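Here is a briefing on the structure shown below. It goes topic by topic, in short points.

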Number of protein chains: 2
Amino acid sequence: MATRPTDRSRPWGEFELIDTLFAPLARGLAGAFDLKDDVATLSPKAGHELVVKTDSTIENVHFMPADPPDTVARKALRRTLSDFAAKGAEPEAYLLAIALPETMEKSWLEGFVEGLSKDQQQFRVALAGGETNRTPGALTITVTTIGWVPEGQVVRRNGAKAGDDVWVTGTIGDAAGGLSLLIGEAVCADEGMREYLIGRFRVPEPRLEFGGLLRGLAHAAIDVSDGLFGDLGHIAETSHVRIEIDSASVPVSRALRALWKMTDEGIARVVSAGDDYEIAFTAPPAAGSIKAAAARSGSPITRIGRIVEGVAGVVLRDAAGSEITVPRKGYRHF
Amino acid sequence: MATRPTDRSRPWGEFELIDTLFAPLARGLAGAFDLKDDVATLSPKAGHELVVKTDSTIENVHFMPADPPDTVARKALRRTLSDFAAKGAEPEAYLLAIALPETMEKSWLEGFVEGLSKDQQQFRVALAGGETNRTPGALTITVTTIGWVPEGQVVRRNGAKAGDDVWVTGTIGDAAGGLSLLIGEAVCADEGMREYLIGRFRVPEPRLEFGGLLRGLAHAAIDVSDGLFGDLGHIAETSHVRIEIDSASVPVSRALRALWKMTDEGIARVVSAGDDYEIAFTAPPAAGSIKAAAARSGSPITRIGRIVEGVAGVVLRDAAGSEITVPRKGYRHF
């Protein structure tokens with residue numbers, strides 16, 4: 001772990017920061033060398049391929065300035081874990097690069113590290129190394145997660161086949177609803193629902209256990225992070241298939257239904273909202289094993305459509321079979 | 001590779017960016033999946049450990065806004081390659097997370113990608129994946145490099161032994177001299193020298209070939225990036241040894257000598273300046289093999305001091321043996 005001070009006036013020492021706050025997060029990993037070397041080393045896992053993923057989490061883009069620091073940390077880490085889940089891969093360690101504004105308080109970083117510490121226990125990962133920088137700009141956290149998948153078994157985007165069912169875990173649109181509450185675009189009188197939706201924006205739940213069970217069952221899968229409709233578009237494009245989604249079957253939470261009217265426009269908003277961190281996947285219609293995997297891992301799943309032949313793309317249909325227009329994929333509210 | 005647009009008004013499409021600019025950089029690596037999946041996979045190298053390193057490169061911290069985009073790209077990548085060099089490791093691939101200000105021009109990104117493309121050829125690495133984000137703040141490039149080192153042979157910081165010689169590759173302080181020219185803190189009438197120093201700031205030369213030859217020869221090594229004096233301090237601390245540096249033997253280029261007077265204060269500035277990306281290492285006095293490695297790889301090396309017993313730390317001595325005070329390690333000019 002290296003630091004790069006930009007001036008002499010910093011309120012706390014960078015090396016103190018690493019020794020007291022970050023080094024304890026690296027204790028579980030011998031090759032992290034207590035964050036006291038230039039690199040980290042890991043031993044390959046026999047019969048497995050290495051899996052890597054990097055993601056930046058940026059203030060005012062992926063989280064709000066007032067979000068509690070432990071939730072910012074967890075979101076930054078979990079965004080990459082969610083990709084591992086969607087690919088049937090198992091994370092082992094992560095690298096952290098933080099660009100801190102000059103005004104950053106040490107107490108904020110303590111909360112941030114606490115969030116990482118909790119998630120390390122929950123997901124059995126360790127900090128392998130990283131870097132702390134000062135930035136003249138926005139707080140930016142880049143997490144690179146490293147892990148393993150049994151050789152040849154990574155669940156790709158490109159394996160969807162005509163006849164497959166299309167499924168998604170959990171509920172869709174909650175995080176966008178939470179964000180609309182945080183920025184005052186919507187109001188929710190029910191405090192429990194409000195907390196639920198904001199929690200979904202702040203701390204996603206990567207479906208790692210369910211994802212692991214998808215290996216050998218799913219033909220294709222993707223982490224739903226930029227909007228269900230757009231992300232299914234990636235499966236359609238790489239698999240050269242057409243995806244038909246039944247709007248009525250898209251799983252929407254009670255809390256979000258209380259917030260947004262589920263008109264055609266509302267459902268279009270749901271499927272184009274970001275930050276779900278659920279898994280969308282396709283599998284042949286023998287649904288028994290899929291449902292067993294969902295039950296075993298405690299991940300609710302919903303069948304939302306099917307793969308058909310035709311021009312690659314995604315279509316959202318209402319109950320009468322008419323197409324619902326979905327705004328430009330990946331649109332975000334801030 | 002995933003993108004996250006923040007508004008609808010962006011001048012060019014994010015997916016176009018990936019398909020046309022970044023995907024060609026990933027062609028050499030099957031497990032990069034043409035940047036069309038959630039993660040990248042790599043096959044472990046038999047008899048090797050995995051090596052990972054992450055580094056953020058930030059506008060107005062590590063590079064100047066007017067630096068040509070290809071040099072910014074190369075610096076961002078080479079900073080991690082330099083760590084690989086110092087550890088005797090071999091890079092294979094890298095992940096890229098870029099946070100782009102709203103005002104970023106496509107032509108800038110084209111230059112950036114050109115720089116990466118050239119360096120990929122030179123250092124035989126490929127883009128494995130990454131992410132493009134918009135940021136309300138400073139342009140931030142985070143590179144995570146992945147590679148391999150023969151099992152148990154990583155050159156650590158903690159192996160220095162009393163009696164070792166201390167060596168450094170190349171010359172020290174040039175990049176800081178280049179930066180002082182860029183920010184108008186110093187003036188250099190000789191255009192060739194000016195270009196040389198600025199070039200050293202903008203595009204470091206990772207000593208990968210020499211670093212590989214250090215395995216089995218060096219007791220300890222470190223990438224000199226935060227200042228020679230401070231970085232040797234990390235070797236001293238983790239090896240529990242005392243390092244004595246002869247100020248007159250610190251290699252300083254002719255160009256830097258023309259810029260800064262090599263008084264005690266000048267040499268103290270040299271050894272506390274950042275961005276050298278040379279390798280400092282310690283080895284037992286049988287210098288023949290070290291010199292052969294240097295000759296074979298074309299990396300000039302200089303013996304600058306020795307490891308002694310005593311309180312862990314680094315001392316810089318003048319020709320008379322008196323200690324020269326070095327300012328707080330890692331100090332930077334902006």
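Chain A divides into domain 1 (2–150) and domain 2 (165–317) by its domain assignment. The model is a predicted one. The centres of domain 1 and domain 2 of chain A lie 27 Å apart, taken over C-alpha atoms.

**Domain contact in chain A**

- Domain 1 of chain A puts 18 residues into the contact, and domain 2 of chain A puts in 17 residues.
- On the domain 1 side, α2(A) gives the most, with eleven residues.
- That side of domain 1 of chain A holds seven nonpolar, three polar and eight charged residues.

**How the two chains are related**

- In general, two copies of a chain are related by a rotation about an axis and a shift along it.
- Here, chain A superposes on chain B after a rotation of 180 degrees, with 0.0 Å of shift along the axis.
- The RMSD of that superposition is 0.0 Å.
- The two copies are therefore related as by a two-fold rotation axis.
- Which residue of chain A comes closest to the rotation axis? A:G137 does, with its C-alpha at 1.9 Å.
- Both copies use the same surface, and 100% of the contact residues of chain A recur in chain B.

**The interface between chain A and chain B**

- The contact joins 61 residues of chain A with 61 residues of chain B.
- Many elements of chain A take part, each with at least two residues; among them are β1 (2–4), β2 (40–42), α2 (69–86) and β4 (90–101).
- β5 (126–135), β6 (140–150) and β8 (220–224) of chain A also supply at least two residues each.
- β3(A) provides the largest share of this side of chain A, nine residues.
- By class, the side of chain A that touches chain B counts 26 nonpolar, 17 polar and 18 charged residues.
- β3(A) also pairs across the chains: three bridges join it to strand β2 (residues 40–42) of chain B.
- β3(A) and β2(B) run antiparallel.
- In this pairing, A:V52 stands opposite B:A40.

**The six-stranded sheet of chain A**

- Chain A has an open sheet of six strands, in the order β8-β10-β7-β11-β9-β12.
- The pairing in this sheet of chain A is mixed.
- Its edge strands are β8 and β12 (313–317) of chain A, each of which pairs on one side only.
- From one strand to the next, the twist of this sheet averages 25 degrees.
- Strand β7 (residues 165–169) of chain A runs antiparallel to strand β10 (residues 278–283) of chain A, and four bridges join them.
- A:W167 has A:F281 in β10(A) as its bridge partner.

**The six-stranded sheet of chain B**

- Strands of a sheet pair through backbone hydrogen bonds, either parallel or antiparallel.
- The open sheet of chain B has six strands with mixed pairing, in the order β8-β10-β7-β11-β9-β12.
- Why is one side of β8 and of β12 of chain B left without a neighbour in the sheet? β8 (220–224) and β12 (313–317) of chain B stand at the edges, so each has a single partner strand.
- The twist in the sheet of chain B averages 25 degrees from one strand to the next.
- Strand β7 (residues 165–169) of chain B pairs with strand β10 (residues 278–283) of chain B in the antiparallel sense, over four bridges.
- β7(B) is also joined to strand β11 (residues 301–308) of chain B, by five bridges, and these two strands run antiparallel.
- B:D165 takes part in both pairings: it stands opposite B:A283 in β10(B), and its bridge partner in β11(B) is B:R306.
- Four bridges join strand β9 (residues 242–246) of chain B to β11(B), again antiparallel.
- The bridge partner of B:I245 in β11(B) is B:G305.

**A helix pair in chain B**

- Helix α1 (residues 14–22) of chain B packs against helix α3 (residues 106–123) of chain B at an angle of about 35 degrees.
- The axes of α1(B) and α3(B) are 11 Å apart.
- α1(B) and α3(B) make a right-handed crossing.
- B:L17, B:L21 and B:F22 of α1(B) meet B:L109, B:E110 and B:V113 of α3(B).
- This contact of α1(B) with α3(B) has five nonpolar residues, no polar ones and one charged residue.

Conventions:
Residues are numbered from 1 along each chain as its sequence is written. Chains are lettered from A and ligands numbered from 1 in the order in which they are written. This is a predicted model: local features need pLDDT of at least 70, side-chain atom pairs count only at pLDDT 80 or more; totals for chains, interfaces and linings use all residues. Two strands pair if DSSP finds at least two bridges between them. Axes are lines fitted to C-alpha atoms, for helices over the stretch in contact, and angles run from 0 to 180 degrees between N-to-C directions. Copies are superposed by least squares on the C-alpha atoms of residues with pLDDT of at least 70 in both. Two residues are in contact if their C-beta atoms, placed from the backbone, lie within 7 Å. Ala, Val, Leu, Ile, Met, Phe, Trp, Tyr, Cys and Pro count as nonpolar, Asp, Glu, Lys and Arg as charged, and the others, Gly among them, as polar. A crossing is left-handed if the near helix is turned anticlockwise from the far one by less than a right angle, and right-handed if clockwise. Domain bounds come from an automatic or database domain assignment.
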